[in-house]
Amino acid sequence: MDMEFIRNYYPLYVEAAKMTIVIALIGIILSLLIGLLCSMIKKLEIPVLKTIVNIYIELSRNTPLLIQLFFLYFGLPKLGIVLSSETCAIVGLTFLGGSYMAEAFRTGIDSVSDIQLESGLSLGFTRWQTFLHIVMPQAIATSIPVLCANVIFLIKETSVFSAVALADLMFVAKDLIGIYYKTDEALLMLVLSYLVLLLPVSLICTWIERRARYAGFGNTGTVSGN
Amino acid sequence: MQDSGILVLFQGTNFLRLWEGLWVSLRIAVISMGLSLVLGILMGMIMTSKNKIVRFLCRVYLEIVRIMPQLVLLFLVYFGAAKHLGINLSGDVAAIIVFTFWGTAEMGDLVRSALISIPTHQYESGYGLGLTKLQVNLYIIIPQTVRRLLPSLINLLTRMIKTTSLVVLIGVIEVVKVGKQIIDASRYTTPGAALWVYGAIFIMYFLICYPFSRISAVLEKKIKD
């Protein structure tokens with residue numbers, strides 16, 4: 001193990017990790033918004049939009065992110081839509097994440113009994129008000145374990161971004177292996193980077209799950225991962 | 001040029017070649033799934049062990065698999081094996097090793113949760129009726145476990161199929177690589193080929209995964225009722 005090499009090149013990993021965090025964060029926030037929107041459309045059964053949402057969810061859940069990225073990055077320019085690597089990564093991650101988040105919210109919403117919705121309506125709330133103020137707060141507590149699992153899943157999925165020429169952690173590792181043949185050092189730093197990125201998230205998730213459970217309305221059911 | 005791009009898919013044996021390419025990664029998924037199934041059942045039984053150390057080790061294994069992106073594991077095995085063991089693993093073999101390692105952990109966790117979800121009175125009633133341990137497991141516990149496992153098992157298979165698309169990044173010649181060859185070969189005749197080729201690959205993956213996720217959803221509903 002060449003410590004000198006690690007000392008010299010670890011800043012590259014830090015840079016790459018920073019970029020991964022930024023893109024993952026933007027992607028996750030957008031996914032949550034899209035997921036929320038899609039689950040509302042599904043619950044409120046808005047015609048036409050509901051069909052579009054269903055098609056989107058099936059398409060996004062049944063195809064790999066890598067293929068979605070290739071299509072965005074290499075396919076779309078032929079239609080005159082040229083996206084930068086970063087935009088591509090964010091759009092791809094959001095396209096994938098949105099449907100997973102939507103499904104997570106849906107399981108939460110399904111767990112809230114219809115009586116809640118009906119009571120809200122009979123008290124004179126509109127459908128949107130009932131949904132926002134009565135159904136959602138209860139649903140989110142139930143969804144939290146799955147939402148957390150999705151966040152970890154999405155951060156893990158960022159590892160394929162090197163395929164669309166984004167200088168992420170995988171890209172740096174592959175570069176260092178290719179240029180200097182320092183396989184061990186490059187791989188070690190790669191593994192450590194992902195541990196540093198994901199271990200805290202995983203621990204925070206466990207903590208949040210326990211809190212939600214402690215509050216008494218969190219369903220402790222299984223976490224389905226991706 | 002744009003509207004003629006789609007024809008590139010049907011030139012010569014292009015369409016067939018794409019499917020053959022997809023089969024390469026599907027085969028990796030199927031082999032890994034088969035191995036994970038066998039190893040995962042064993043793993044699941046080990047995970048229900050009462051021994052604290054065994055349980056702790058299982059937990060560590062599961063966490064490692066859950067936290068590390070599959071692509072990182074692929075890199076570790078593909079590049080690491082070449083350097084340390086001196087063996088030049090082909091991309092296929094490296095992929096099968098990684099996906100089995102990953103699948104076994106996931107499968108083990110599924111088996112574990114299915115096993116502990118069977119109430120103890122099922123065992124006790126079985127013994128009460130005079131069945132032996134083997135008979136209880138064979139006729140009472142395993143049929144119920146399998147029923148509960150099936151939806152998540154199929155779900156795992158679709159995840160496996162989707163994740164094997166990563167093997168192109170460690171140099172396996174599969175559908176994306178074939179797609180690139182087709183695009184490069186027709187660079188001058190049909191510059192718009194990329195859109196159609198990647199579009200076709202996208203749809204192909206969907207066609208493979210969608211039926212499985214439907215089956216899984218139907219089975220899940222059946223169990224709930």
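I take two residues to be in contact if their C-beta atoms, placed from the backbone, lie within 7 Å. The model is predicted. These are my notes on what I looked up.

**Entry: a helix pair in chain B**

I started with α5(B) and α6(B). Helix α5 of chain B covers residues 120-128, and helix α6 of chain B covers residues 133-163. I wanted the contacts between them. On the α5(B) side I found B:Q122, B:Y123, B:G126 and B:Y127. They meet B:V136, B:I140 and B:I141 in α6(B). I sorted the residues of this contact by character: five are nonpolar, two are polar and none is charged.

Next came the geometry. Two packed helices are described by the angle between their axes and the distance between the axes. The axes of α5(B) and α6(B) come within 10 Å. They cross at roughly 135 degrees. I therefore logged α5(B) and α6(B) as oblique to each other. I also noted the hand of the crossing, which is right-handed.

**Entry: chain A overall**

I turned to chain A. I counted eight helices and zero strands. Read from the N terminus, the elements run α-α-α-α-α-α-α-α. I boxed the C-alpha atoms along the principal axes and got roughly 70 × 50 × 20 Å. Chain A has 226 residues, and 42% of them count as buried. I then checked contacts in chain A with a separation of 6 or more. Residues 24 or more positions apart account for 79% of them.

**Entry: A:V164**

I picked one loop residue. A:V164 sits between α6 (127-157) and α7 (169-180) of chain A. Is A:V164 buried or exposed? I counted 21 C-beta neighbours inside 10 Å; the cut-off for buried is 20 or more, so A:V164 counts as buried.

What does A:V164 touch, leaving out residues up to four places away in sequence? I listed A:L69, A:Y73, A:S85, A:C88 and A:A89. I also looked up A:E86. A:V164 and A:E86 are 78 residues apart in sequence. Their C-alpha atoms are 8.9 Å apart in space.

**Entry: record against model**

I pulled the UniProt record for chain A, an unreviewed entry. It places "transmembrane region" at residues 20-41, 53-76, 131-153, 160-181 and 187-208. I checked two of these spans in the model. Residues 131-153 of chain A are 100% helix and 0% strand, with end C-alpha atoms 28 Å apart. Residues 187-208 of chain A are also 100% helix and 0% strand. There the end C-alpha atoms are 31 Å apart.

For chain B, the unreviewed UniProt entry lists "transmembrane region" at residues 24-48, 60-79 and 193-212. I checked two spans here as well. Residues 60-79 of chain B come to 90% helix and 0% strand, and their end C-alpha atoms lie 23 Å apart. Residues 193-212 of chain B are 100% helix and 0% strand, and their end C-alpha atoms lie 30 Å apart.

**Entry: where the chains meet**

Last, I looked at the contact between chains. It takes 34 residues from chain A and 30 residues from chain B. Which helices of chain A supply at least two residues each? I noted α2 (49-61), α3 (65-75), α7 and α8 (183-214). The largest share of the chain A side comes from α8(A), with 10 residues. I split the chain A side by character too: 20 residues are nonpolar, nine are polar and five are charged.

Technical notes:
Residues numbered from 1 in each chain as written. Chains lettered and ligands numbered in written order. Predicted model: local features only at pLDDT ≥ 70, side-chain atom pairs only at ≥ 80, totals over all residues. Axes fitted to C-alpha atoms, helices over the stretch in contact; angles between N-to-C directions. Helix = DSSP H or I, 4+ residues; strand = E, 2+ residues; numbered from the N terminus. Parallel < 35°, antiparallel > 145°, perpendicular 65-115°, else oblique. Left-handed = near helix turned anticlockwise from the far one by under 90°. Nonpolar A, V, L, I, M, F, W, Y, C, P; charged D, E, K, R; others polar. Buried ≥ 20, exposed ≤ 12 C-beta atoms within 10 Å, placed from the backbone. UniProt positions renumbered as here; feature names shortened; annotations may be inferred.
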